[in-house]
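Here are some questions and answers on a single protein chain. Look at the sequence and the structure before reading on.

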Amino acid sequence: MQQLSGINFIIYYGTRFFKTVGIEDSFLATIIVNVVAFFSTIPGLYLVERMGRRNLLLIGAAGMGISQLILAVLGVTVSSTAGNNALIAMVCIYIFFFEFSWGPCAWIVTGEIFPMHVRSKALSMTTASNWLWNFILGFVTPYMVDSGKGNADLGSKVFFIWMAFCFLAVVFVWKYIYETKGLSLEQVDELYHQCSQAYKSPSFRRNWDNETGVASIGTQSEKKVLETDDKQSASVSVHE
């Protein structure tokens, strides 16, 4: 889903796209976008543990989808200087939403969700899949955007496609991505065993903390076992 958000269209073909829509200094526009991309990663360093993975991915996907909807409409309907400036601004907003959410969080989530016994192989497969889609989209995007024989000539309308995938990502995250903020890898395994729905995982986390009284140390069943062992040990000591 990260690759299908359309990020590589901007990264690989941003300068070319800006020139196509009539922006005179397309190189400067690309520099502005890259500077925004760099600084937009900084909030993610704080928010990923403050807001959690799910919330960040949901907000990021929704923000990217809305930004790309506006981008597509601007690209199709407006051809003035003011419209081009607005288009650059919306690209920057889109980049902001990506860089603080899906940019880093996709890698964090894939590093946490897999069981211990398959984690290394699963991470290898996710990385390979990411680069495979990177290659595919990097290869086919010019044919989607450019005019001429053999090309789809979508131009700015390509943002409608990326927008659709971003809104699909919202549904995907809501339904399938569990909240793993503050959990150890072993506790993530326990989370999957005890929580049947991804959207319930944040409340499961809060209930877990409230029941144990200690943040993220063991499960409730483990606590009961420990308490029973402690009582038995105390009883043995008294009888002795």
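Q: Which residues form the nonpolar patch on the surface, and what accessible area do they have together?
A: This is a predicted model, in which local features need pLDDT of at least 70 and side-chain atom pairs count only at pLDDT 80 or more, while totals for chains, interfaces and linings use all residues. Residues are numbered from 1 along each chain as its sequence is written, and side-chain values use heavy atoms, with hydrogens and water left out. A patch takes residues with over 30% relative accessible area and no salt bridge, joining nonpolar side chains (Val, Leu, Ile, Met, Phe, Trp, Tyr) within 5 Å and like charges within 9 Å; areas come from the Shrake-Rupley method with a 1.4 Å probe, and for residues only the protein chains shown count as cover. The patch consists of F27, L28, I31, I32, V35, F38, F39, I42 and L45, with a joint accessible area of about 920 Å².

Q: Is L45 buried or exposed?
A: L45 belongs to helix α2 (residues 26-50); helices (H or I, at least four residues) and strands (E, at least two) are DSSP runs, numbered from the N terminus. Buried means under 20% relative accessible area, exposed over 50%, and partly exposed in between (1.4 Å probe, protein chains only). At 69% relative accessibility, L45 is exposed.

Q: What span should helix α5 have, and how far apart are its end C-alpha atoms?
A: The expected span of a helix is 1.5 Å times one less than its number of residues. Helix α5 (residues 119-145) has 27 residues, so a span of 39 Å is expected. The end C-alpha atoms agree with this, being 38 Å apart.

Q: Where does α5 bend?
A: The bend at a residue is the angle between axes fitted to the seven residues ending there and the seven starting there. In α5 this angle is about 25°, and a proline, P142, follows within four residues of the bend. The bend is at F139.

Q: Which helices do the buried residues of α5 pack against?
A: The buried residues of α5 include R119, A122, N130 and L137. Contact means heavy atoms within 4.5 Å. The partners are α1 (7-20), α4 (81-112), α6 (158-176) and α7 (185-194).

Q: How many salt bridges are there?
A: Side chains of opposite charge can pair when their charged atoms come close. A salt bridge is a side-chain nitrogen of Lys or Arg within 4 Å of a carboxyl oxygen of Asp or Glu. By this rule the count is three.

Q: How many residues apart in sequence are the parts tied together by R16 and D146?
A: The side chains of R16 and D146 form a salt bridge at 2.3 Å, N to O. R16 is in helix α1 and D146 in the loop between α5 and α6, so the pair ties together parts that lie apart in sequence by 130 residues.

Q: Which residues are joined into one network by salt bridges that share partners?
A: R53 forms a salt bridge with E49 (3.1 Å, N to O). E112 and R53 form another (2.7 Å, N to O), linking helix α4 to helix α3 (residues 53-77) across 59 residues. Shared partners therefore join into one network E49, R53 and E112.

Q: What is phi of D153 near?
A: Most residues other than glycine have a negative phi. D153, in the loop between α5 and α6, has a positive value although D153 is not glycine. Its phi is near 55°.
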